[in-house]
Amino acid sequence: MSFQGKVPFFAFLQGIAAGTALEEAAPAENYILDERVPDARENDFLDFNGFASAAHNKDSWFKHHAFYAKAKVALPKPSETFTPINQPNWGSFDPDWDVIRVETLCGLNDRALSRGSTSAETQVASLIREMLAARAAGSILDPLKTAEVEKWLQLVNKGRDHRPAFVAPFAEVEDILKQADWANRLRDALGLGHIRLWAGNPMTIVLMQYNLIRVHNAHIGKPAWAASPTVLDDVPRQMPNPCFFPAPKKASADGYGYTVDLATRGATYRKEFIHARIDYTLADIRRIGEVTTDVPDARIKQARKDHLDLLKADLVHFPDLKRP
């Protein structure tokens, strides 16, 4: 489904998707094209806080998506993503291989600060670099520094909610991690358009890597632990993510999503999926790097067009997009 028949909301989406503003048109396209949202979940979204009967405009829609995602996806344990309403999207991913996840250091530190940390971002970055250097040299980091970064990470975990984690198989990005410019290239390849320069300054990212068996074992006995990503699994602060693009079932029968590559040259796409929340450990931290390039809206718009052209033949609901 992709909200077909959900009048007047679907007609509203078609009108917005025909516009030229990226931050409006891209999410509307995603809502229309996403074949994976079950009908019951669409109804749950529309019924939440009486949205179906309310007047629809861009602001009310974005606000509703943010409220819904926080209440249904981010805060509950388990997230709605892993409850029966989303059962058609539960994946049977092999838990015996590694995945990677990219976090911004400022995002991690904000979560730690919300739980009482007093560590500045620069201080944490220095500790992580020392820890990684010691690990690479086969030596042991000073116990006091180890305790400091361990305490910080515990506070990060306490500050996180239960939203699903978007991850990529390590094998999908192994070639990128061999490049000197891995941080910029990884940001682009995974479609992480929200990771940009801040006031002209580089954005520090932390690469997490772990084996899926830990996720699997943490959720044994629960309905599900991994799933295909849909537009309703995005938990935005203000607006749905314009860099997300729903994968058509025909092109992704195994349940993976496909990232929108933001690179200006040699763009491709990588597999991604989502899994239920786990706590990070120090061993999960594998790299720290700097994103030094920006991603203008015009680049995101072109990357989405290129991605759409690749998948257009497999998108069941492509004809529902009204083109100006």
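Trainee: Where does Pro78 lie?

Mentor: Pro78 sits in the loop between helix H4 (58–74) and strand S1 (98–104). Those labels come from DSSP runs numbered from the N terminus: H or I over at least four residues for a helix, E over at least two for a strand. The peptide bond that leads from Lys77 to Pro78 is cis, with omega near 5 degrees. Keep in mind that this is a predicted model, where local features need pLDDT of at least 70 and side-chain atom pairs count only at pLDDT 80 or more, while totals for chains, interfaces and linings use all residues. Residues are numbered from 1 along each chain as its sequence is written, and side-chain values use heavy atoms, with hydrogens and water left out.

Trainee: Which residues does the other cis peptide bond, with omega about 5 degrees, join?

Mentor: That cis bond joins Val7 and Pro8. Pro8 is in the segment before helix H1 (9–17).

Trainee: Phe3 is in that segment before H1 too. What makes Phe3 count as buried or exposed?

Mentor: Buried means under 20% relative accessible area, exposed means over 50%, and partly exposed is in between (1.4 Å probe, protein chains only). Phe3 has a relative accessible area of 0%, so it is buried. Its phi is also positive, about 70 degrees, although Phe3 is not a glycine.

Trainee: And how do you know whether Asn49 is buried or exposed?

Mentor: The relative accessible area of Asn49 is 60%, so Asn49 is exposed. You'll find Asn49 in the loop between helix H3 (39–47) and H4. Asn49 is a residue other than glycine with a positive phi, near 55 degrees.

Trainee: What about Asn89: why does it count as it does at 2% relative accessibility?

Mentor: Set that 2% against the cut-off, and Asn89 counts as buried. Asn89 belongs to the loop between H4 and S1. If you skip its neighbours within four places in sequence, Asn89 is in contact (heavy atoms within 4.5 Å) with Arg36, Pro38, Ala226, Ala227, Ser228 and Thr230. From Asn89 to Val37 is 52 residues in sequence and 8.0 Å in space, C-alpha to C-alpha.

Trainee: On to the helices. Why is H5 described by an angle class relative to H6, and which one?

Mentor: Helix H5 (residues 105–114) and helix H6 (residues 121–137) pack at an angle of about 110 degrees, with axes 10 Å apart. That makes H5 roughly perpendicular to H6. Angles under 35 degrees count as roughly parallel, over 145 as roughly antiparallel, 65 to 115 as roughly perpendicular and the rest as oblique. The axes are lines fitted to C-alpha atoms, for helices over the stretch in contact, and angles run from 0 to 180 degrees between N-to-C directions.

Trainee: Which residues of H5 and H6 make the contact?

Mentor: Leu105, Cys106 and Asn109 come from H5, and Glu121, Val124, Ala125 and Ile128 from H6. By class, there are five nonpolar, one polar and one charged residues. Here Ala, Val, Leu, Ile, Met, Phe, Trp, Tyr, Cys and Pro count as nonpolar, Asp, Glu, Lys and Arg as charged, and the others, Gly among them, as polar.

Trainee: What makes H2 and H11 fall into an angle class, and which one?

Mentor: H2 and H11 pack at about 25 degrees, with their axes 11 Å apart. The two are therefore roughly parallel to each other. The contact uses Leu22, Ala26, Glu29, Asn30 and Leu33 of H2, and Asp297, Ile300, Lys301, Arg304 and Leu308 of H11.

Trainee: How do you know that the span of helix H11 (residues 297–311) agrees with 1.5 Å a residue?

Mentor: The expected span is 1.5 Å times one less than the number of residues. For the 15 residues of H11 that gives 21 Å, and the end C-alpha atoms are 21 Å apart, which agrees.

Trainee: Why does His307 count as it does at 3% relative accessibility?

Mentor: With 3% set against the cut-off, His307 counts as buried. His307 is in helix H11, and among the other buried residues there are Arg299 and Leu311. The buried residues of H11 pack against helix H2 (22–33) and strand S5 (257–258). Leaving aside neighbours within four places in sequence, His307 is in contact with Phe245, Tyr258, Thr259, Val260 and Tyr269.
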